[in-house]
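Visitor: Pick one spot in this protein and take me through it slowly, please. Then show me what else is worth a look around the chain.

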Amino acid sequence: MEQDSCIINSPLGFTQITGDANGISTITVLNSNEKITDIIPETLQDCVYQLHEYFEGNRKEFNLTLNPEGTSFQKSVWDALSKIPYGKTASYLELSKQLGDVKAIRAVANANGKNPLWIVIPCHRVIGSDGSLTGYAGGLHRKKWLLEHESPYKQQSLF
């Protein structure tokens, strides 16, 4: 079955969404300018709507049927990521402990980096044990923006 696809614009760049009647498969931020989709396929409309609400600051949790492709281990990591609350962060070490194997930290980080559902599975909420931003497939500038967007403590401008 062929997947539906669309490209939308977000505050962090052009975003491609793919999915079908079984759920959303991928949400990817693109590093290039793309043509925005004129007519959003019906199977993707709710996802587009919820992402717009998120970027407007009106949504903290997503309610979508997800259908990402990955190994059972990757899916267990992505499930754990989905449980990190909006406005909070967790370290790779915390996730490894939560998954029952403190030695799996590299595997957890690898699965985190292969997350196919940008923002909806919030891999941006994972930071280093020392509080550093660490790597992010979408670029550290996007990770920083997302964490600031979700922070309950908004930076006030002095000028």
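## Starting from one serine

Guide: Let's start at serine 91, which you'll find in strand 4, a run covering residues 90-91. Keep in mind that this is a predicted model. Serine 91 has a relative accessible area of 8%, so it counts as buried. What does serine 91 touch, once you skip residues up to four places away in sequence? The list is Val126, Ile127, Gly128 and Ser129.

Two of those numbers come back when we look at helix 4, because strand 5 is residues 126-127, and strand 5 is one of the elements that the buried residues of helix 4 pack against. The others are helix 2 (72-82) and helix 3 (92-98). Which residues of helix 4 are the buried ones? In this helix, which runs over residues 105-113, they are Val108, Ala111 and Asn112. These three cover an arc of only 105 degrees around the axis, so they sit on the same side of helix 4. Here's the general idea behind that: an α-helix has 3.6 residues a turn, so residues three or four places apart point the same way.

Helix 2 deserves a stop too, since serine 76 is found there. Serine 76 is partly exposed, at 29% relative accessible area. Its C-alpha atom is 9.2 Å from that of alanine 111, although the two residues are 35 apart along the chain.

Now slide back to the loop between helix 1 and helix 2, where leucine 66 is found. Leucine 66 is partly exposed as well, with a relative accessibility of 32%. Leaving out neighbours within four places in sequence, leucine 66 is in contact with Asn22, Ile24, Leu117, Val120 and Ile121. Take isoleucine 24 from that list: it is 42 residues away from leucine 66 along the chain, yet their C-alpha atoms are separated by 4.7 Å.

Next comes helix 1, residues 42-55. Its 14 residues should span 20 Å at 1.5 Å a residue, and the end C-alpha atoms are 21 Å apart, so the two values agree. The buried residues here are Leu44, Cys47, Val48, Gln50, Leu51, Glu53, Tyr54 and Phe55. They pack against strand 1 (4-10), strand 2 (13-20), strand 3 (23-29) and helix 5 (140-150). Just past the end of helix 1, glycine 57 has a positive phi of about 85 degrees.

UniProt has something to say about this stretch: an unreviewed entry places "domain: Methylguanine DNA methyltransferase ribonuclease-like" at residues 8-67. Over those residues the chain is 23% helix and 30% strand, with 20 Å between the end C-alpha atoms.

One last thing to check is the cysteines. How many disulfides turn up in a search of the whole structure? The count is 0. Cysteine 6 is in no disulfide, and the nearest cysteine sulfur, in cysteine 47, is 7.4 Å off. Cysteine 6 is also buried, with 1% relative accessible area. Why is cysteine 123 not bonded to cysteine 47? The sulfur of cysteine 47 is the closest cysteine sulfur to that of cysteine 123, but at 14 Å it is too far for a bond. Cysteine 123 counts as buried too, because its relative accessibility is 9%, and the cut-off for buried is under 20%.

Methods. Residues numbered from 1 in each chain as written. Predicted model: local features only at pLDDT ≥ 70, side-chain atom pairs only at ≥ 80, totals over all residues. Heavy atoms only, no water. Disulfide = S-S within 2.5 Å. Buried < 20%, exposed > 50% of the residue type's maximum accessible area, 1.4 Å probe, protein only. Helix = DSSP H or I, 4+ residues; strand = E, 2+ residues; numbered from the N terminus. Contact = heavy atoms within 4.5 Å. Expected span 1.5 Å × (residues − 1). UniProt positions renumbered as here; feature names shortened; annotations may be inferred. Arc of directions from axis to C-beta.
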